[in-house]
Amino acid sequence: EAITVQELANRMAEKGADLVKAMFKMGMAVTVNQTIDQDTAELLVTDFGHNVRRVSDADVELELDTTEDNEADLKPRAPVVTIMGHVDHGKTSLLDALRGTDVTAGEAGGITQHIGAYQVTLKDKSQITFLDTPGHEAFSDMRARGANVTDIVVLVVAADDGLMPQTIEAIHHTKAAGVPMIVAINKCDKPEANPQKIRERLLEHEVIVEEMSGDVQDVEVSALKKTGLDDLTDKIQLQAELLELKANPGRAAEGAVVEAKLDKGRGPVATILVRRGTLKVGDIFVVGAESGKVRAMIDDKGKQVKKAGPSTPVEVLGLSGVPMAGDQLQVVDTETKAREIAEYRQSVMQQKRTTQAPASLESMFSALKDKQAIEYPLVIKGDTQGTVEAIIGSLNKISTEDIRVRILHSGVGGITESDVSLAGASGAPIIGFNVRANAKAREIAERQAVALKYYDVIYDLTDDIRAGMAGELGPEA
Ligand code: GDP
């Protein structure tokens, strides 16, 4: 961690020249623009009678209480479910129908609020939380920002339509995240519905439902006629039990931003899904690069609440600004601390914006090295099915025992936002063969530092990847 003398002076609210003078006395000749190491910086800070302030990310994290919870403090928590599937297969209809299964829905004063997530209470009093933004883009965008909030994915497939491109994308996104899946075969009220065909087609994508002696649960539903919904919630609960979802409600709260906006009357508002601890009115927090104090909380039924425990979504008022979906919220002791951390993060973001160069394939590989990956995740898009298959074939050939290519997703057509969010969530580069990224995809790729590599010769592509792999394994390999 290096810092320039001038930057350090700014942070200490001292003159750069005074720091240079002090260093000269210590026997170091430097200019204000020179960088100095952390030890020297700390020496100077102490010399000027300041407290040593955080200068790195690690220090910021130290300020936050991220300690693991004791097993004894863990209590069961509701599962968090995301619904995915192809457009028009009934995601929105199913979300609406499931909302209607809430036994508390009819309670006095409760008016449905769309806050980005909602919780249903079932007959047996157990609860399930649904994220209200269906689809795999939102899911992977959240993951890319470090918010792995989804415990279970419900894949909606219309029984009269079959597996479609976004169904397959959703399967890939879910698998890349390692999240268990339940298949909801929807529109079973239609005379032409053929659920069995769906089960068979799913085999081709390595989704093996129980009836086919696999371990993926499936359920026939009709979002329109509201049939099979109890069966679906039963299966979600069963899956949740297997996952043994638990959290400590008795600690300082941590959560993730599901949605955030600037509200004309209420100022910045964020829907927070509490991950652990209990968020209370009056709590001081930092969320992404913003800070605040919980002024009020409103649940998905429009009711003001004083506290929110694990897996509960609430709208939070009292933020300094609008955070981003996927940002983490953490409760801290003092407003000074919250502000300091937020300011630090803002300065890091500012720095990134001005210095970030698009990541190269090489640097992606070295980044992967830090994670000690022996798998190379890649997303591949090409102009024809034939070329895509040829590319996958050649990449599999250059895979060795020590290292192998892992294709998260492949397909025909230009590089889309969905491809970028999937790649970003897994730190993978995207290969475009005779195809390019659309403008929106390019913009997101830049923001998430996802490498886009274009080729028109397969040999060049395999050569690059082989070189990257060799570099990854090191000289001894
Ligand atoms: P989304 O794009 O996946 O969110 O799909 P929607 O929920 O908007 O549904 C697309 C269309 O399918 C709408 O016209 C719905 O009324 C219809 N639909 C959804 N579920 C069912 C169902 O179970 N049965 C029938 N017959 N139609 C349905």
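A residue is taken to be near the ligand if one of its heavy atoms lies within 4 Å of it, and in this predicted model 15 residues surround the ligand in that sense, the closest being Asp88, Lys91, Thr92, Ser93 and Asp189. Sorted by class, this shell has three nonpolar, seven polar and five charged residues. Its largest share, three residues, comes from helix α5, which spans residues 91-99.

Several contacts with oxygen atoms of the ligand can be followed one at a time. On the backbone side, a polar atom of His89 is 3.4 Å from an oxygen atom of the ligand. From side chains, an N or O atom of Asn186 is 3.1 Å from a ligand oxygen, while an N or O atom in the side chain of Lys187 is 2.9 Å from one. The ligand has 580 Å² of accessible area on its own, and the protein covers 74% of that area.

From the ligand, the reader can turn to the sheets. Strands of a sheet pair through backbone hydrogen bonds, in either a parallel or an antiparallel manner. One open sheet has six strands in the order β5-β6-β4-β7-β8-β9, and its pairing is mixed. Its edges are formed by β5 (117-121) and β9 (217-220), each of which pairs on one side only. Neighbouring strands of this sheet are turned by 25 degrees against each other on average, if direction is ignored. Within it, β4 (residues 80-85) and β7 (residues 152-158) pair in the parallel sense over five bridges, and Gly85 has Val156 in β7 as its bridge partner.

Helix α5, already met beside the ligand, also packs on this sheet, where it touches β4, β5, β6 (127-131), β7 and β8 (181-186), its direction making about 150 degrees with that of β4. Helix α8 (residues 195-203) packs on the sheet as well, touching β7, β8 and β9, and its direction makes about 145 degrees with that of β8.

Another open sheet is built from four strands in the order β21-β20-β22-β23, with parallel pairing. Here the edge strands, each pairing on one side only, are β21 (404-412) and β23 (452-455), and neighbouring strands are turned on average by 25 degrees against each other, direction ignored. Between β20 (residues 375-382) and β22 (residues 430-433), which run parallel, there are four bridges, and Ile380 stands opposite Ile431 in β22. Helix α12 (residues 385-398) lies across β20, β21 and β22, and runs at about 180 degrees to β21.

Methods
Residues are numbered from 1 along each chain as its sequence is written. This is a predicted model: local features need pLDDT of at least 70, side-chain atom pairs count only at pLDDT 80 or more; totals for chains, interfaces and linings use all residues. Side-chain values use heavy atoms; hydrogens and water are left out. Two strands pair if DSSP finds at least two bridges between them. Helices (H or I, at least four residues) and strands (E, at least two) are DSSP runs, numbered from the N terminus. Axes are lines fitted to C-alpha atoms, for helices over the stretch in contact, and angles run from 0 to 180 degrees between N-to-C directions. Contact means heavy atoms within 4.5 Å. A polar contact is a pair of N or O atoms within 3.5 Å; within protein, one must be able to donate a hydrogen and the other to accept it, and residues adjacent in sequence count only if both atoms are side-chain atoms. Accessible areas come from the Shrake-Rupley method with a 1.4 Å probe; for residues, only the protein chains shown count as cover. Ala, Val, Leu, Ile, Met, Phe, Trp, Tyr, Cys and Pro count as nonpolar, Asp, Glu, Lys and Arg as charged, and the others, Gly among them, as polar.
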